Amino acid sequence: MDWTDSAVRRQALGWLFAAGTAPVFLICAGVSWHWALAGGVCAALFFALLEALGGGLPLAAAFPAAFGKAAGGALLALEGLWLLLAAAGSAAAAGRAFPEDPSRPFACAALLLLAAWAGWKGAPASARCGAVLSLLLAGSFAVLLAAAVPNGKPAWCRPWGVWQDGARCFACLLFPTAGLLLRTGGGKSRPGGMLALLALAPACAALVCSAGLSPSLAAAEPFAFYTLVKSLRLFSFLERFEPLLSAAMLAGLFCMVCLCWQSGAAALSRACGAGRSAWLEPALLLPLAGASVLAPRLPAAFWTLGASIFWGFLPLLTLLVVALKNVLKKEKKGVDKPESLW
Amino acid sequence: MRRTNGWLLAAAALLLAAVLPARGTETASLQPAQVLLITEENGRVTARCDSGASGVGDDLERALFNMERTANGTLFLGTVEYVILGPGAYELLPQAALSARLRPAARVCCALGTPDDLEALPDFFTAHRTRATLAQEKAALLGEQPVAVPILAVGGERMELISGLDG
């Protein structure tokens, strides 16, 4: 996806926003707001740093530039495999969007089929779909958050939790790296609004959830935001917003699965030196279906560590090596303008 | 090619819709409950709701399950807005708070006497707003500040909330 086209860039940002609703409301809403804020701010700063380091260089192209064709290709393949595992994990999480429905295993299968179809259509089509869904999701979650605010108790807004919650939030909010891997060109983008949203939205969701449910209950529930939505009362009447939340979560998870799946497939095909094939993503359907059965059995620490390494450390290291190589190259050429290093 | 794929997908969707088990419900048999009255006598828990259904069991879950099973139609306990703990059933509040069948937003109160007309209770509670909910009770069980449960005095047809009024 070429980000020089402003329409494509906006669609990609919309896609990232839609995908981001899944980790924000599934994971970050169930932790203390101050750890969610810390995780969100760190993730936003990380992407600001990545953007400054990369200077418009596509992340997928940076791997061979940093580590050579063989090692860079191997690392890119590992990155791709991680992304495919993350896609399987996200698809498996679709069942959590319907905690009271006995037919919830079908949600994962339906999501994988839809994502395979979206992969066959290609990343631009998924981006357009994500852009449309982002407007729908923004409206839905705004309604849910606004309805939950009057149910909050100021006494329950106190900070709680442990630092591992912050680490978990930070790791899951590193998902936009997948979007950077799909970028094929374009200069520096200025996603200031997106970074502000990444920093603040998880804290908002966590604060509303904690204030509405109490810190103890928010920590105890497996999907705290769902319990909050079930606990809503407006003007002293029960509100039944769960179907809206379930549908919104499914749409957000669909965008997340598409994002991870397509960026993983793109990374793998680039690592193998092959061009994009429309059949690659659908061909991955069966392996991903198998992985989605295993994914829920993996511990939370595995996902935190994996996301920190493959979405955080590895891309940062790659872009740092590329930047360092550029500096050394310029020094070798005797360029005496150190202020414009990149 | 593209058009053929579209038709193939539509055919697959139709096939799936035919193969997957349909869970239809006759509209006339739906029984959404609004008020749930829980009483306990000689170690047996009785649950009764305003739709007329009732069930008995050794604990609240079994009583609710029994009520759902024996109801004349499909009983919806997820629509219960008010949970009344009758005389002898106050100890069942933790069970009610932890029950997955009841909504966390349902208001809860303890009754000094058994209200006869459960259908009149929604109007009464609309006029007399209370605070305590099952979610708050569950939070209290997990270590939060307990919320005072309102007490409903029942004498014949007359009812009065004697504590826990909102505002």
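Okay, let's start with the surface of chain B: the accessible area is about 9200 Å², and 54% of that belongs to carbon and sulfur atoms. Bear in mind that this is a predicted model.

Staying with chain B, 43% of its 167 residues count as buried. You'll find five helices and nine strands in there, and if you walk along the sequence, the order is α-β-β-β-β-α-β-β-α-β-α-α-β-β. As for contacts in chain B with a separation of 6 or more, 63% of them come from residues 24 or more positions apart.

Now, pockets. The largest one has a volume of about 910 Å³. It's lined by 40 residues, and the closest to the centre are Ile27(A), Ala93(A), Arg96(A), Arg168(A) and Trp303(A). Several elements of chain A give two or more residues to that lining, including α1 (6–26), α4 (69–92), α12 (242–271) and α15 (300–332). By type, the lining splits into 32 nonpolar, four polar and four charged residues.

Then there's the second largest pocket, with about 610 Å³ of space. Which residues lie nearest its centre? Those are Leu113(A), Leu114(A), Trp117(A), Leu9(B) and Ala12(B), out of 18 lining residues. So both chains show up here: α5 (105–121) of chain A and α1 (2–19) of chain B are the elements that give two or more residues to the lining. α5(A) gives the most, with eight residues. And the make-up of this lining is 17 nonpolar, one polar and no charged.

Key. Residues numbered from 1 in each chain as written. Chains lettered and ligands numbered in written order. Predicted model: local features only at pLDDT ≥ 70, side-chain atom pairs only at ≥ 80, totals over all residues. Heavy atoms only, no water. Helix = DSSP H or I, 4+ residues; strand = E, 2+ residues; numbered from the N terminus. Buried < 20%, exposed > 50% of the residue type's maximum accessible area, 1.4 Å probe, protein only. Contact = heavy atoms within 4.5 Å. Areas by Shrake-Rupley, 256 points an atom, 1.4 Å probe, with all protein chains shown as cover. 1 Å grid on protein atoms, 1.4 Å probe; cavity = no way out; pocket = protein on both sides within 12 Å on 5 of 7 lines; lining within 4 Å. Points joined across faces, edges and corners; volume = space filled by probe spheres on them. Nonpolar A, V, L, I, M, F, W, Y, C, P; charged D, E, K, R; others polar.
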